[in-house]
Amino acid sequence: MSTRTLSLPRNRDGWRAPAALAGVLAALFVLPVVIDDAFVYHIFITICIFAGLSTAWNIVGGYAGQLSLGHAAFYGIGAYVGMMLVNAGVTPWLGMFAGGGVAAVVAVAISYPCFRLHGPFFALASIAFLEVFRVLALHFSDVTGGATGMMVPLETGWMWMIFQDRLPSLIIAFGLMLLTLLVAWGLRQHRWGFYLVATRERESAARSAGIGTVKMRLLAVAISAALTAMLGTFHAMYLTFIEPGSVFSLTFSIQIAMFALIGGIGTVFGPLVGTILLVPVTELARGWLGAEAVGLHGFVYGSVLVIAVLFMPDGLMSVLSRFFGAGKTARDEDAAGTPPAPTRTQAQRAPIGDVVLQAEHLDKHFGGLHVTNDVSLTLRKGEVLGVIGPNGAGKTTVFNMLSGFLKPDSGRVSIRGADGHFHSPASPGDFARLQLGRTFQIVQPFAAMTVEENIMVGAFHRHPAVADARRSAREIAHRMGLARYLDDEARGLPIGGLKRLEIARVMAMEPRVLLLDEVMAGINRADLQEAIELVRTIRDSGVSIIAIEHVMQAIMSLSDRVIVINSGEVIAEGAPEDVVRQEAVIEAYLGKESIDAAAQ
Amino acid sequence: METVLQITANGLMLGGLYAMISVGLTLIFGITRVINFAHGEFLMVGMYIVYLITTQLGVHPYASLLLVVPALFVMGALTQKLVIERLRNSDEHVQIFATVGLSIALINLALLIFGADIANTPSSGLRHSVGVGTVGVLTGQLVIFFSSIVLVVGLHLLLTRTRPGRAIRATAQNRAAARLMGINVSRVYVLTFGLGAACVGVAATLVAPLYPASPTIGTYFVLIAFVVVVMGGLGSITGAFIAALVIGLVDAFAGYYLGSDLKEVAVFGIFLLVLIFRPSGLFGARRNLSHVSP
């Protein structure tokens with residue numbers, strides 16, 4: 001996903017952003033009270049409701065990156081559950097939570113099978129669910145009132161959320177909006193918010209960091225649906241009448257999503273900004289022109305949407321944060337300084353210990369292709385095991401089985417846990433919990449997150465509290481020479497930086513076993529020596545390492561032992577200098593002729 | 001038995017109609033990888049043009065083909081050129097919202113110009129029933145059914161037997177390689193989008209005498225078209241044709257046995273099942289899976 005600042009600019013001694021936010025929120029409440037006009041009240045209540053809905057949508061559509069265009073389904077569930085309970089004599093204050101609960105359960109049930117779908121297809125599925133809900137609400141008219149709709153019984157007062165005056169409605173709408181904003185803000189600050197964004201950006205890297213990606217998405221969907229439904233209950237009381245066509249409406253869903261998009265999708269306060277900007281314009285247009293010009297406000301909506309994505313695809317928040325970020329001070333700590341080269345601790349290297357990882361008879365077929373044929377290997381504590389072999393030999397496939405990304409057809413991977421016993425984990429998350437970390441051959445940064453946040457995702461593994469994780473991430477960034485990039489988005493890093501970031505994220509997990517997939521490939525000579533030193537430092541700290549590498553200089557100087565894989569089989573194993581002299585190995589790399597040529 | 005035959009006939013006729021509307025969508029998706037949420041509104045615009053021509057000039061609805069097809073081609077080409085092209089490197093959600101915005105704008109523009117009332121194109125005898133024994137269908141439906149076959153075969157031949165067709169397919173396979181082979185990729189996209197929209201123009205001309213035009217007519221049809229396109233295997237034109245017939249039959253039978261209000265539940269239920277369990281479509285090879293995680 002593209003550039004988006006994830007929250008208000010973190011401006012250390014900045015007061016402008018929070019002050020602006022407080023001012024805007026205060027104005028939302030104070031202005032209508034001061035003006036005291038029914039129409040103005042109505043507009044501000046509508047703003048509060050839509051800002052809440054859009055903020056709730058953003059938890060799924062923005063943070064988690066699942067573009068739902070069927071959120072009106074949850075709104076409708078809230079509205080109908082609340083309305084039915086009110087007609088049965090239950091106050092909407094309870095109905096609201098009942099609706100929220102039902103919506104959360106429904107959301108989890110319908111989203112679970114849809115998470116494999118990307119972008120437009122998730123959107124299509126959500127639209128289809130919405131249509132099904134609408135048709136069902138129309139069909140079961142004895143429960144829902146069908147096309148004739150449902151009315152609230154005309155009892156007023158706080159108990160029923162229905163008032164003669166506008167002020168109490170504004171208080172409730174404003175309160176619900178604040179609640180939603182608070183949840184959205186709190187979630188983004190929490191470890192879970194990082195997990196959600198990381199999952200959106202790179203699912204595989206997120207899984208290797210031990211994130212339960214499906215669980216996180218379900219959590220987001222449940223929270224978002226529950227908040228949406230609560231707002232739906234209140235809105236139904238405010239409108240006093242609901243019917244399936246207007247409640248389970250695709251247009252309504254699109255509107256909610258659109259406010260978030262225009263304000264800044266994925267940002268905490270973007271949906272609020274988008275709503276404040278667009279609702280008054282369209283409500284005024286509806287009020288003044290509605291009678292003569294049916295469709296004008298819709299035409300304006302549509303055109304604004306097209307123009308906005310063409311010229312401001314990151315939303316208003318990116319424009320605003322540029323303004324608010326203008327006074328941003330440079331990082332005080334070694335901001336401009338060159339990164340300290342990783343210095344090798346001269347501590348004595350501990351002797352190689354017991355077996356920590358064992359792979360037995362791994363077999364894997366892809367269709368008719370036998371990519372891994374009876375591969376067994378062991379790794380001892382503090383050891384560096386090099387894995388070499390020609391391209392396409394099946395090295396990365398072995399790695400994928402060693403880290404839980406692929407399930408072997410037969411054979412078994414076991415890891416000694418911190419408890420000293422061997423375990424056979426099944427998923428990448430289980431492997432991560434046993435403190436196995438891996439890098440990816442093609443770097444997998446969380447592009448829209450800053451370098452610091454990227455490393456924090458790994459650090460959460462050992463430090464669940466955000467402050468601790470941040471501290472740990474900074475420390476690792478310093479060690480890895482990434483300190484000056486801390487506040488930059490990962491997408492902007494040069495390839496050498498991305499490679500270092502890939503290792504930094506894994507190191508933040510404080511792994512006991514580390515799988516490095518071609519981390520030296522494509523980096524220049526000067527960096528190579530540094531990288532080799534770095535791996536040595538990691539090894540000396542007691543981490544056991546398996547490294548796939550093509551750079552011979554690195555393999556020869558780092559590995560205690562080397563195995564050679566060719567065509568999915570282990571063809572040689574031993575000390576590096578012995579292995580590279582074996583005929584089979586040379587043949588695998590260079591072909592049979594070169595051995596003959598060498599013999600002549 | 002007669003009922004079943006009649007429902008089958010209705011289902012096949014509906015299937016032809018759905019195929020007609022869906023081929024353009026699947027063509028555009030297959031090549032440009034963009035889901036055009038405004039596809040239904042292209043149909044709506046086409047139907048209004050047919051309505052205007054027939055009522056203003058008093059010609060046979062099919063005669064408006066000469067104007068509707070080029071008009072829709074231009075509309076599609078412009079959409080690609082002015083909107084999609086600029087967003088090619090943007091995120092998926094930006095592309096989605098661009099066509100969603102276009103769709104909202106067009107619906108409401110129609111509402112502004114024509115109002116919410118329906119606009120009846122003169123049927124010019126196309127609503128006459130023809131049939132064998134007790135099974136009868138409308139002449140207009142038969143025309144649609146056979147035209148959809150001609151359209152599918154025609155598109156297939158165009159894509160496989162002609163030079164621009166090969167360029168289009170090559171671009172779909174690998175944009176970078178196609179460019180290296182000297183293909184003007186952005187022109188291919190514009191051409192494809194125009195072609196897809198032109199197919200909708202054909203559909204609009206044939207549909208208008210049977211269904212009244214209204215600003216929201218596209219919304220209903222486009223959802224069905226999405227179902228057909230996904231079920232047929234994204235980008236597969238023949239797959240879409242078969243899927244359209246299947247959905248047409250489901251629609252007709254569900255309408256009869258479940259009631260017309262619940263038939264949509266059946267159609268969307270099938271759609272969701274396909275999306276979840278066979279995202280490559282019922283007939284698609286397992287190649288177009290870029291939209292799902294393994």
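I took a helix here to be a DSSP run of H or I that is at least four residues long, with numbering from the N terminus. The model I am reading is a predicted one.

**Entry on A177(B).** I looked up where A177(B) sits and found it in helix α7 of chain B, which covers residues 175-180. I then asked myself whether A177(B) counts as buried or exposed. A177(B) has 11 C-beta neighbours inside 10 Å, and because a residue with 12 or fewer is called exposed, I noted A177(B) as exposed. I also checked A177(B) against L158(B), 19 residues apart from it along the chain, and their C-alpha atoms are separated by 21 Å.

**Entry on the sheet in chain A.** I traced an open sheet of 4 strands in chain A, in the order β4-β3-β6-β7 and with antiparallel pairing. Its edge strands are β4 (369-380) and β7 (422-423), each of which pairs on one side only. Following β7(A) inward, I found that it pairs with β6(A), residues 410-416, in the antiparallel sense over 2 bridges, and that H423(A) in β7(A) is the bridge partner of I415(A). I next looked at helix α16(A), residues 395-402, which lies across β3 (355-366), β4 and β6 of chain A and runs at about 120° to β3(A).

**Entry on the contact between the chains.** I recorded 40 residues from chain B and 41 residues from chain A in the contact. On the side of chain B that touches chain A, the elements giving two or more residues are α4 (92-114), α9 (217-231) and α11 (263-277) of chain B, and α4(B) gives the most, with 16 residues. I noted that this side of chain B divides into 27 nonpolar, 8 polar and 5 charged residues.

Notes: Residues are numbered from 1 along each chain as its sequence is written. Chains are lettered from A and ligands numbered from 1 in the order in which they are written. This is a predicted model: local features need pLDDT of at least 70, side-chain atom pairs count only at pLDDT 80 or more; totals for chains, interfaces and linings use all residues. Two strands pair if DSSP finds at least two bridges between them. Two residues are in contact if their C-beta atoms, placed from the backbone, lie within 7 Å. Axes are lines fitted to C-alpha atoms, for helices over the stretch in contact, and angles run from 0 to 180 degrees between N-to-C directions. A residue is buried if 20 or more other C-beta atoms lie within 10 Å of its own, exposed if 12 or fewer, and partly exposed in between; C-beta atoms are placed from the backbone. Ala, Val, Leu, Ile, Met, Phe, Trp, Tyr, Cys and Pro count as nonpolar, Asp, Glu, Lys and Arg as charged, and the others, Gly among them, as polar.
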